[in-house]
Amino acid sequence: MKSYIKEYFAKMNIEINDKKAEQFITYKDMLKEWNKVMNLTGITEDREVVIKHFGDSVSLLSAADFEGKSVIDVGTGAGFPGLPLKIACPSIELTLLDALRKRLDFLKAVCDKTGTEAELVHGRAEDTAKDGSYREKFDIAVSRAVAELNILAEMDMPFVKKGGLMLALKGPGAYDEAKRAENAVRTLGGEIREIRKIILPETELEHTVIIIEKIGETPREYPRRFKKMERAPL
Ligand code: SAM
């Protein structure tokens, strides 16, 4: 498994040393173990975990410079994409946010066992983003599989400082989503810079990353309550 992980990441031009490969193996084993007693993922086959969880997550490294950056993963679930990014690029200052306590228990156990430093925050994005110690404090906000972009932008953008980035990992529907979210992104102080296609080696999957730059402040009234975001996306 160790050499498979190293070779897979090498195909993505990411160098993984022995220590990082071992951290990924521990993470994968714990994901499979804990998944027996709680709902973490539908993907449990070893190589699939490497490709669809770890590979997909670290593909974000090709979309921005993460070195030494403060990063928040909003709706991280079992840690994707934030935790693989941190393992691959340890200089990241990582915050993992999720509304479900059990998932944070899992993440704490993985961080402890792999010796990974991360701040774990249990809360809803729309509440945490009102807290002065998190609002507009991050260089980069990342999210995967949390909400459509017109809602996700309202969840993520308030965390990003001016000049920072929001990166949303998406599938082939990213182009339509981005169109529908143009107004939301602008209202929240951002601008869609690019939709980049991601090639995941050994798969036919069409993945994309939507890259949004924060060019102004997010008005104080955002984010709204989640029900409101859903009912009336910006
Ligand atoms: N990002 C992970 C991934 O790609 O595997 C998890 C995706 S899972 C489908 C969505 C996650 O977002 C869940 O863990 C859920 O608890 C979290 N979530 C949904 N709405 C949220 C909110 N308003 N604030 C914080 N977390 C939220």
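Modeller: A pocket is an open set of grid points with protein on both sides within 12 Å along at least five of seven lines, and its lining residues have an atom within 4 Å of a point. In this predicted model, the second largest pocket is lined by Lys11, Met12, Ile14, Val58, Ser59, Leu61, Ser62, Lys197, Ile198, Ile199 and Pro201.

Biologist: Which strand gives the most to the lining of the second largest pocket, and how many residues of each class does that lining have?

Modeller: Strand β6, residues 190-199, gives the most, with 3 residues, and by class the lining comprises 7 nonpolar, 2 polar and 2 charged residues. The space in this second largest pocket is about 150 Å³.

Biologist: Where does the ligand sit, and what is the space it takes?

Modeller: The ligand takes the space of the largest pocket, which holds about 440 Å³. Of the 23 residues lining that pocket, Gly75, Gly77, Asp98, Arg103 and Val146 are the closest to its centre, while β2 (93-98) and α6 (125-128) each supply at least two residues of the lining.

Biologist: Which residues come nearest to the ligand, and which atoms of aspartate 98 and arginine 103 should I look at?

Modeller: Among the 15 residues around the ligand, Gly75, Phe80, Asp98, Arg103 and Arg144 come nearest. An N or O atom in the side chain of aspartate 98 is 2.7 Å from a ligand oxygen, and a polar side-chain atom of arginine 103 also lies 2.7 Å from an oxygen atom of the ligand, whereas for phenylalanine 80 a backbone N or O atom lies 2.7 Å from a ligand nitrogen. Taken alone, the ligand exposes 600 Å², of which the protein buries 80%.

Terms used. Residues are numbered from 1 along each chain as its sequence is written. This is a predicted model: local features need pLDDT of at least 70, side-chain atom pairs count only at pLDDT 80 or more; totals for chains, interfaces and linings use all residues. Side-chain values use heavy atoms; hydrogens and water are left out. A residue is near a molecule or strand if one of its heavy atoms lies within 4 Å of it. A polar contact is a pair of N or O atoms within 3.5 Å; within protein, one must be able to donate a hydrogen and the other to accept it, and residues adjacent in sequence count only if both atoms are side-chain atoms. Accessible areas come from the Shrake-Rupley method with a 1.4 Å probe; for residues, only the protein chains shown count as cover. On a 1 Å grid over the protein atoms alone, a cavity is a set of points where a 1.4 Å probe fits but cannot get out, and a pocket is an open set with protein on both sides within 12 Å along at least five of seven lines; lining residues have an atom within 4 Å of a point. A molecule sits in a cavity or pocket if more than half of its atoms lie within 2 Å of its grid points. Grid points are joined across faces, edges and corners, and a volume is the space filled by probe spheres set on the points. Helices (H or I, at least four residues) and strands (E, at least two) are DSSP runs, numbered from the N terminus. Ala, Val, Leu, Ile, Met, Phe, Trp, Tyr, Cys and Pro count as nonpolar, Asp, Glu, Lys and Arg as charged, and the others, Gly among them, as polar.
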